[in-house]
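Q: Could you walk me through some local features of this model?

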Amino acid sequence: MMPKNLKCSLHLNHQEYVIHNIRLLDDMKITQIDTLPFSARILLENLARHLDSNLVQWQDIVNAAKFYGTDSKESEFIAFHPSRVLMQDFTGVPAVVDFAAMRDAVHAKGADPKKINPLVPVDLVIDHSIQVDHFKEKNSFFLNAQKEYERNKERYQLLKWAQKNFDNFRVVPPESGICHQVNLEYLATVVATRETREGIMAFPDTLVGTDSHTTMINALGVLGWGVGGIEAEAVMLGQPYYMNLPRIIGVNFTGKPQKQITSTDIALHVTELLRKENVVEKIVEYTGDGLKYLTLTDRATIANMSPEYGATAGFFPVDEQTLSYLRKTNRGQTADLVEAYCKTCGLFNTHDDQIRFSKKIDVDLSLIETSIAGPSRPQDRLSLSEAKERVVQVFDLGNRTPVSINPENKPQALTHGSIVIAAITSCTNTSNPYTMVGAGLVAKKAVEKGLSIPWFVKTSLSPGSRVVLDYLKDAGLMKFFEELGFNNTGFGCMTCIGNSGPLDPFIEESIKTHHLDVMSVLSGNRNFEARIHQEVKGNFLMSPLLVVIYAIAGKMDIDLTTEPLGISRKGKPVFMSEIWPDAHEIHEYVETYVHEKFSGTSIPAFFQATGSGRILKSTKAPPLNLTRPPPISGTLLFSRIFPWISPPMMKIKEARALLVLGDSVTTDHISPAGAIPITYPAGTYLTGNGVKPWEFNSYGSRRGNHEVMMRGTFANIRIKNRLVAEPGGWTLKFPEREKEFVFDASMKYQAQNTDLLVFGGKEYGTGSSRDWAAKGPGLLGVKAVIAESFERIHRSNLVGMGVLPLSFQADESFESLDLTGDEIFEIPGLDQIRPGGTLTVTAVKGNTKTSFNVVARLNTDIEVEYIRNRGILPYVLRRMING
């Protein structure tokens with residue numbers, strides 16, 4: 001009888017490694033490994049490696065192998081054990097506060113507070129806090145970094161305390177780069193190693209991250225995806241990530257991209273296509289002959305945008321490109337182990353087309369065209385030739401009263417359709433030397449022709465790591481960026497996440513006074529309403545090359561394929577084609593100037609504060625007086641309020657609709673990350689506590705303070721609640737029908753012990769992984785969200801907070817049921833809830849009673865337990881202490 005394990009040895013350079021070789025499943029006649037998707041093989045290895053635990057049985061491996069080997073229709077439930085966790089500071093600060101609070105609760109119970117400690121390695125990269133306050137200045141980066149520390153000193157002290165007091169917890173300080181690019185260039189090993197009692201074990205590097213774009217690392221052959229902060233905290237405490245095995249969709253790349261096509265164009269094309277295919281809660285794996293034309297950083301751009309096309313992951317298996325990239329980034333020894341391990345264990349892609357996917361989608365790279373996406377969704381791709389027509393149509397520019405603002409009689413006036421923000425930003429594109437060098441060459445050619453950028457365009461360049469600035473300087477291209485106004489403003493997410501900073505006061509006042517519809521262009525991954533700047537109406541995603549070109553044009557209502565973007569110093573019109581660099585020229589620059597030496601920073605050096613960071617002091621005790629929140633499950637847990645026995649859950653009764661929302665409601669709508677309006681509840685709370693408006697910082701930076709975040713929930717100025725006519729954070733309080741801020745109404749409802757519901761349409765919760773988009777509604781008293789469909793991460797976050805996600809039955813919606821929102825709702829039978837089960841909702845309005853069925857969007861039995869315990873953390877904490 002075959003032994004029920006896959007353990008064996010790998011010998012490399014006089015070192016023996018313990019491995020779990022899934023190729024042995026071939027010998028056991030359980031499956032044919034070469035026919036399985038590579039991401040499935042990694043999941044199988046993960047199960048095999050944890051076979052000795054109580055959570056994984058041999059039959060789980062057999063079932064998983066058969067699930068992928070036969071494309072079984074029945075879903076299999078597994079316990080996945082990520083090898084590490086990646087965090088950024090916006091999501092990391094609440095996690096640290098939660099951990100400190102749980103230690104407080106455990107200590108009060110008389111147990112050892114050190115039980116609350118990360119059991120898997122955690123890397124937290126501080127990248128979300130720096131803003132574009134200074135730009136077009138030689139020392140913009142230094143000034144922005146200085147302001148960052150002034151605003152966030154208290155938060156950073158908390159993170160320093162956490163690094164010193166928690167095991168397995170490292171902090172990459174500010175000024176280092178964006179977490180996903182740092183992960184790609186430095187942290188990821190592809191094959192990880194760990195000391196065990198049996199020797200050094202080698203295994204695939206896997207992770208979960210508290211940022212939805214964690215998927216960028218899929219380009220390196222590392223399987224990982226974004227999760228909510230609450231789920232990540234459970235993993236940190238040693239809990240597996242429970243999941244149904246995802247279907248794996250193969251995207252078959254064929255053909256060769258045209259010479260002018262960038263990785264951004266391919267990513268936008270794939271995003272549009274896969275959104276239509278509905279790959280939510282599925283893994284996309286890339287395959288086909290076209291892969292050989294995509295560099296690893298091309299792949300990183302495509303993988304980064306997995307959340308935008310809805311997939312759990314966008315996976316590129318390990319191949320020669322992976323090994324080449326590891327060696328180019330100063331990881332030669334790592335590459336040797338990766339090659340030996342992956343070739344031994346069937347994880348090296350030789351591009352033999354034997355793989356059986358749940359579905360295969362063909363993409364001919366030769367047909368992809370230069371594209372942008374906007375004005376408010378990443379999947380709304382536009383070819384360059386149709387962009388002008390679309391902008392004119394959406395913003396009705398042809399019928400607007402002409403407005404021309406030009407105080408100094410400059411060549412161009414501020415008007416409708418003008419671009420006021422142009423940002424080369426985001427790890428999505430700044431990680432790719434080809435697009436960054438290409439943009440630098442565009443800047444060079446533009447400067448040489450005497451082109452400049454209009455006075456009203458706020459320009460910024462925010463590289464995802466210091467490597468980018470090194471090779472741009474070495475290539476002599478940075479000076480051309482600076483001459484156009486694209487000075488380095490910092491190494492962080494910045495404009496991509498809404499940290500675009502203030503516009504010039506005159507420009508902002510002109511926009512408000514004349515009700516201008518103005519635009520932004522950025523090389524980021526998201527362009528949701530009010531995300532980039534609250535006064536900007538249209539946001540367009542594009543390659544760094546196009547950001548420079550559109551910035552020079554100064555407007556979106558231009559056809560760059562036929563119209564000149566500016567006038568040369570000789571008085572002649574200049575067309576885009578004249579300053580677009582040749583693919584061969586870009587390649588020569590990359591080969592000449594993108595050196596291995598720029599990736600020479602050692603990992604330990606990354607965890608040393610630089611510059612202003614050295615002012616932060618580590619302390620033995622928590623440096624903050626943590627604000628105690630109300631006793632709401634799943635958020636911060638404190639000893640005085642935490643119920644150690646889970647209260648029974650019977651039904652939602654006499655509930656009211658807090659909001660009725662439409663399709664594509666994003667987590668930015670639910671919990672904005674940007675500027676805090678002074679007149680909104682969070683603003684009045686801060687001013688009431690002596691905080692000056694210029695000291696507000698952003699919602700994102702205040703995620704450690706529940707008082708601010710509760711008031712910021714559903715406070716996006718562009719959110720459209722159908723209960724009221726005016727956009728913004730408003731609702732109607734029933735039965736009085738009084739218009740109130742959502743926060744104020746929810747507080748009145750809670751004082752009356754009234755349960756609350758939120759209704760939504762399709763793709764509810766799309767966008768960022770921010771757990772406050774679930775924490776906030778929970779704190780406002782929302783018991784359930786009923787929508788037509790949910791995005792993966794947000795659905796999980798709701799469950800993690802104990803908020804019940806429910807979906808309308810097929811072909812039903814809030815509108816089709818003739819609901820109005822002023823009904824009284826009841827949902828009985830919660831004590832009998834089961835995964836995918838049906839519940840009945842009753843809506844009463846006067847003498848009219850309407851009943852309809854909804855589906856509980858709980859995928860596993862463990863998620864039912866999370867709901868019964870009012871969230872993941874209460875469940876974990878009760879198990880740790882109560883047994």
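The exchange below takes up a helix pair, a buried residue and some backbone features.

A: This is a predicted model, in which local features need pLDDT of at least 70, side-chain atom pairs count only at pLDDT 80 or more, and totals for chains, interfaces and linings use all residues. Residues are numbered from 1 along each chain as its sequence is written, and side-chain values use heavy atoms, with hydrogens and water left out.

Q: At what angle do helix 4 and helix 5 cross?

A: The axes of helix 4 (residues 89-108) and helix 5 (residues 140-165) cross at roughly 55 degrees and come within 10 Å. Axes are lines fitted to C-alpha atoms, for helices over the stretch in contact, and angles run from 0 to 180 degrees between N-to-C directions. Helices (H or I, at least four residues) and strands (E, at least two) are DSSP runs, numbered from the N terminus.

Q: Is Asp 98 buried or exposed?

A: Asp 98, which lies in helix 4, is buried because its relative accessibility is 1% (buried means under 20% relative accessible area, exposed over 50%, partly exposed in between, with a 1.4 Å probe and protein chains only).

Q: Where are the cis peptide bonds before Pro 375 and Pro 735?

A: One joins Gly 374 and Pro 375, with omega about 10 degrees; Pro 375 lies in the loop between strand 16 (371-373) and strand 17 (381-383). Another joins Phe 734 and Pro 735, with omega about 5 degrees.

Q: And what is phi of Lys 29?

A: Phi of Lys 29 is near 60 degrees, a positive value in a residue other than glycine. Lys 29 counts as exposed, at 75% relative accessibility.
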